[in-house]
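The following paragraphs go through the structure step by step, beginning with a single side chain and its surroundings.

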Amino acid sequence: MTNRLRKGVETLKLFYINRLIESGLYQASDHSLHSLTLSELQSIFKKTFPRKNN
């Protein structure tokens, strides 16, 4: 179970990192982006891509 959780966290981190790079806010070579925690990435992502209320 631990390995699945770790894999899930890493997958989610990569999703956030890739989306932030695609948005143009960060460069792929920005190593500080890769050192952020999942919580930090989620916070930046939510500020960058706020949810639209229908």
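Leaving aside neighbours within four places in sequence, F45 is in contact (heavy atoms within 4.5 Å) with F15, Y16, R19 and L20. The model is predicted: local features need pLDDT of at least 70, side-chain atom pairs count only at pLDDT 80 or more, and totals for chains, interfaces and linings use all residues. Residues are numbered from 1 along each chain as its sequence is written, and side-chain values use heavy atoms, with hydrogens and water left out.

F45 belongs to the largest nonpolar core, together with Y16, I17, L20, L33, L36 and L41, seven residues in total. Such a core is a set of buried Ala, Val, Leu, Ile, Met, Phe, Trp, Tyr and Cys residues joined through side-chain atoms within 4.5 Å. Two or more of its residues come from each of α1 and α3, and α1 gives the largest share, three residues. In soluble globular proteins, nonpolar side chains tend to be buried together.

Helices here are DSSP runs (H or I, at least four residues), numbered from the N terminus. Helix α1 covers residues 2-23; its 22 residues should span 32 Å, because the expected span is 1.5 Å times one less than the number of residues, and its end C-alpha atoms are indeed 32 Å apart.

Within α1, K13, Y16, I17 and L20 are buried (under 20% relative accessible area, 1.4 Å probe, protein chains only). Seen down the axis, the buried residues of α1 fall within an arc of 100°, taken from the directions from the helix axis to the C-beta atoms, so they line one face of the helix. Their cover includes α2 (31-34) and α3 (38-48). On the other side of α1, N3, R4, K7 and E22 are exposed (over 50%). After α1 comes G24, with a positive phi near 90°.
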